[in-house]
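Trainee: I should like to request a close look at a single part of this model, followed by a connected account of its surroundings.

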Amino acid sequence: MDPSRKRAIRLTVALTAAVLLASALVFVSFASGAEEVTASQLLRVAKPGRAYVLAGSVVSERREGDVLLFRIRDPKLHVSVPVRYTGIVPDPFAVGRAVMVTVQKQHSTPTFVGQMNSLTTKCPSKYKAQAGS
C-alpha cells in the first residue's frame, strides 16, 4: 500500500475519533448539569424522588442532634421552604447567607430532605465590586 495513502487513512481515523470523543464530552457535560431552582420554583415543580439544586438565602436554622433544620428563601419573593439536612456544614453557613443544596421532596411531609454533603455556601465578597474600582 502506498505510504501517502496510509497516512491519509490514519489521519481520517484519528480525526473521526477526536470528533466522536468531543461530541461525547459535550453531550455528557450538558446532560449531567443540574439547573438551580428557587424556593417558589421548587414548590411548583417538585416531584417526590427527584433531586433538585435549591438556591436561596437561609432565613432560619436549628439543630436536632446531627440533623440541621433550616429554611431557604427565594431571593426575589418572600417564599421559603424547609430543609432537613445531615452531613458536613460549611463554616460560613449562617442565617442570611446564600446557599445551594441538593434536595428531594418526601412523599408525606412538606419538608425537603437535603442530600448528604451537598450543602455549599456562596461567598458574597467574591461577587461584590471592590471599593474604588
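Is E64 buried, partly exposed or exposed, and what is its relative accessibility?

Mentor: The model under discussion is predicted. In it, E64 has a relative accessibility of 41% and counts as partly exposed, because that value falls between the 20% and 50% limits. The side chain of E64 meets that of R62 in a salt bridge, with 2.6 Å from N to O. R62 is likewise assigned to the partly exposed class, because its relative accessible area is 48%. The salt-bridge count for the model comes to 1.

R62 also leads to another feature, since R62 is one of the residues that line the largest pocket. The space in this pocket is about 150 Å³. Three strands each give two or more residues to its lining: β2 (51–64), β3 (67–73) and β4 (80–85). Besides R62, the lining includes S60 and E61, then L69, F70 and R71, then P82, V83 and R84, and also T111. By character, the lining residues divide into 4 charged, 4 nonpolar and 2 polar.

To place this part in the whole, consider the order of the elements. The chain has 2 helices and 7 strands, and along the sequence they follow the pattern α-β-α-β-β-β-β-β-β. Of the 133 residues in the chain, 25% are buried.

Two further places on the chain deserve attention. The first is a nonpolar patch on the surface, formed by M1, I9 and V13, which together have about 320 Å² of accessible area. V13 belongs to helix α1, which covers residues 3–32. The relative accessibility of V13 is 54%, and V13 therefore counts as exposed, the limit for that class being over 50%.

The second is M116, in the loop between β6 (112–114) and β7 (120–121). M116 is also classed as exposed, because its relative accessible area of 57% lies over the 50% limit. In sequence, M116 and G87 are 29 residues apart, yet their C-alpha atoms lie 4.9 Å apart in space.

To return to the residue in the request, E64 is partly exposed at 41%, and its side chain is joined by a salt bridge to R62, a residue of the pocket lining.

Note on methods: Residues are numbered from 1 along each chain as its sequence is written. This is a predicted model: local features need pLDDT of at least 70, side-chain atom pairs count only at pLDDT 80 or more; totals for chains, interfaces and linings use all residues. Side-chain values use heavy atoms; hydrogens and water are left out. On a 1 Å grid over the protein atoms alone, a cavity is a set of points where a 1.4 Å probe fits but cannot get out, and a pocket is an open set with protein on both sides within 12 Å along at least five of seven lines; lining residues have an atom within 4 Å of a point. Grid points are joined across faces, edges and corners, and a volume is the space filled by probe spheres set on the points. Helices (H or I, at least four residues) and strands (E, at least two) are DSSP runs, numbered from the N terminus. Ala, Val, Leu, Ile, Met, Phe, Trp, Tyr, Cys and Pro count as nonpolar, Asp, Glu, Lys and Arg as charged, and the others, Gly among them, as polar. Patches are made of residues with over 30% relative accessible area and no salt bridge: like charges are joined within 9 Å, nonpolar side chains (Val, Leu, Ile, Met, Phe, Trp, Tyr) within 5 Å. Accessible areas come from the Shrake-Rupley method with a 1.4 Å probe; for residues, only the protein chains shown count as cover. A salt bridge is a side-chain nitrogen of Lys or Arg within 4 Å of a carboxyl oxygen of Asp or Glu. Buried means under 20% relative accessible area, exposed over 50%, partly exposed in between (1.4 Å probe, protein chains only).
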